[in-house]
Structures are given as C-alpha cells and as structure tokens.
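Colleague: Before I use this model, I would like to go through its ligand site and its empty spaces, and hear the reasoning behind each label.

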Amino acid sequence: MKILALNGSPRKKGNTNRILDEMIKGCSENGHEVKKYFLDKLDINPCSGCEICAKGKDCRFEDDGAEIINQLAEGASLIVASPIYFGQMTAQLKTIIDRFYSIFNNPDKHFEGKVAIIFTHAYPGDDFYKPYIDLVKAQPFENNTELEIVDTLEVGGVKYIGDADKAAEALKKAYEIGLKF
Ligand SMILES: Cc1cc2nc3c(=O)[nH]c(=O)nc-3n(C[C@H](O)[C@H](O)[C@H](O)COP(=O)(O)O)c2cc1C
C-alpha cells in the first residue's frame, strides 16, 4: 500500500522526525511504499471554506496540499506526526488536516486505507496529552474519514533535538506500529 507520512514539525531533524522515521522503517520492511512530506517547507493554503467541494468539485487550491489530498482520495494510507505546541498539533499539520474536508465534503470522494497518529512533547510521561490525542483520533479520523486507525503513539519527555534518540521504548513502539500497516 502507499502511505503518506506527514511531518508537522518545523524541525527537520527533530524528535518527531526521529520517531516518524522509525515507524516508516516498519512500514517499508513490510513492503509498503512510504512518501514523507515535511509540511513546513510546502506551499499549503488553509481551507477557505468556499464549499465547492460539496458540489463534487476539486479543492480550489492547486498547491502542494492538492498533491497530498489527491493521493488520499485515491486510497493512500496515512501517518500524521506532530510535536505538541501549546497543547495541540502544530499549525502546519492542522492546515493540511482542514483540507481533508475537500474529501469528506465531496459526495464523489472518500478515504480508504489506514492511519497512525504520532505526537511528541516535552512534558514528562506518555499519557499527559491522552485526552487531546483521543479527540484527534475521534475527529477528524473516526468521525470524518473512513480510515482504519492502526494506533496512536504519544512520546513525552523529548524537548531538544536528539532527545528522541534516547527514547528506546518509543522508538521500538513506533517501529512495531509501522509493522501493523
Ligand atoms: C512553540 C512551542 C510550543 C510548545 N508547547 C508545548 C506544550 O504545550 N507541551 C509540551 O509538552 N511541549 C511543548 N513544546 C515542546 C515540543 O513539543 C517538543 O520540543 C517536541 O519534541 C518538538 O518536536 P520536534 O523536535 O519534532 O520539533 C513546545 C515547543 C514549542 C517550540
């Protein structure tokens, strides 16, 4: 299967990327084709709420976001990964997730395949953001897509670049989730 791995961190060599790469390793070893997108460097317009997607038309934006959206509408699976910024996902990831509306809202389009969700953060422990992550899992994913949720992974106690290298348990879990695709 084709899997799009969306990294919402602005730090290319940061903790999110380290964990994400480990999950990608599991996916690739299972024979899946994984395409990673570093969202911060892409040209992705936020949804303008024009609602033309409700009329069965493609999103009005022909930007890098369209490349991602078109592959999802063709059945690609997904990994979304983000650091926690002020208690939530980064703007980079939220911007493309809002564009998922152009599939959800289009009577002729739908999602299929699977999704895994990764969040990294500095606060110690791996369950502080569970209520937020449960919400993300519920909406958009369970409520607004047909994607099957593979798993979610919260990695706490990582702040500076390189911290995730020491998070052996989280790296192992990420790899194992990758194998589940
Ligand atoms: C603007 C900003 C806001 C942050 N907000 C939080 C927060 O609310 N809770 C938390 O635990 N960590 C917070 N952090 C820390 C990051 O989540 C943490 O450093 C993460 O590992 C960064 O991932 P990266 O290395 O992939 O960029 C924040 C960091 C920044 C730069």
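**Ligand, pocket and cavity**

Modeller: The model is predicted. In it, 17 residues surround the ligand, and Ser9, Arg11, Asn15, Thr16 and Ile84 are the closest.

Colleague: What makes a residue part of the group that surrounds the ligand?

Modeller: A residue counts if one of its heavy atoms lies within 4 Å of the ligand. There are 17 such residues, and by class they are 8 nonpolar, 7 polar and 2 charged.

Colleague: Why is the pair between the ligand and Asn15 called a polar contact?

Modeller: An oxygen atom of the ligand is 2.8 Å from a polar backbone atom of Asn15. The cut-off for a pair of N or O atoms is 3.5 Å, so the pair at 2.8 Å qualifies.

Colleague: How do you know that Ala122 and Tyr123 qualify too?

Modeller: For Ala122, a polar backbone atom is 3.2 Å from an oxygen atom of the ligand. For Tyr123, the distance from a ligand oxygen atom to a polar backbone atom is 2.8 Å. Both values are within 3.5 Å, so both pairs are polar contacts.

Colleague: How much of the ligand's accessible area does the protein cover?

Modeller: The ligand has 640 Å² of accessible area on its own, and the protein covers 78% of it.

Colleague: Turning to the empty spaces, what makes a residue part of the lining of the largest pocket?

Modeller: A lining residue has an atom within 4 Å of a pocket point. The lining has 15 residues, and Lys94, Ile97, Asp98, Gln139 and Pro140 lie nearest the centre of the pocket. The elements that give two or more residues to this lining are α3 (91-99), α4 (101-104) and α5 (130-144). With 6 residues, α5 gives the most. The pocket has a volume of about 310 Å³, and its lining has 9 nonpolar, 4 polar and 2 charged residues.

Colleague: Why is the other kind of space called a cavity and not a pocket?

Modeller: In a cavity a 1.4 Å probe fits but cannot get out, whereas a pocket is open, and therefore the two have separate names. The structure holds 1 cavity of 30 Å³ or more. About 110 Å³ of space lies in the largest cavity, so it passes the 30 Å³ limit.

Colleague: Which residues lie nearest the centre of the largest cavity?

Modeller: Cys47, Cys50, Cys53, Cys59 and Ser102 do, out of 14 lining residues. Each of α3 and α4 supplies at least two residues of that lining. By class, the lining divides into 7 nonpolar, 3 polar and 4 charged residues.

Note on methods:
Residues are numbered from 1 along each chain as its sequence is written. This is a predicted model: local features need pLDDT of at least 70, side-chain atom pairs count only at pLDDT 80 or more; totals for chains, interfaces and linings use all residues. Side-chain values use heavy atoms; hydrogens and water are left out. On a 1 Å grid over the protein atoms alone, a cavity is a set of points where a 1.4 Å probe fits but cannot get out, and a pocket is an open set with protein on both sides within 12 Å along at least five of seven lines; lining residues have an atom within 4 Å of a point. Grid points are joined across faces, edges and corners, and a volume is the space filled by probe spheres set on the points. Helices (H or I, at least four residues) and strands (E, at least two) are DSSP runs, numbered from the N terminus. Ala, Val, Leu, Ile, Met, Phe, Trp, Tyr, Cys and Pro count as nonpolar, Asp, Glu, Lys and Arg as charged, and the others, Gly among them, as polar. A polar contact is a pair of N or O atoms within 3.5 Å; within protein, one must be able to donate a hydrogen and the other to accept it, and residues adjacent in sequence count only if both atoms are side-chain atoms. Accessible areas come from the Shrake-Rupley method with a 1.4 Å probe; for residues, only the protein chains shown count as cover.
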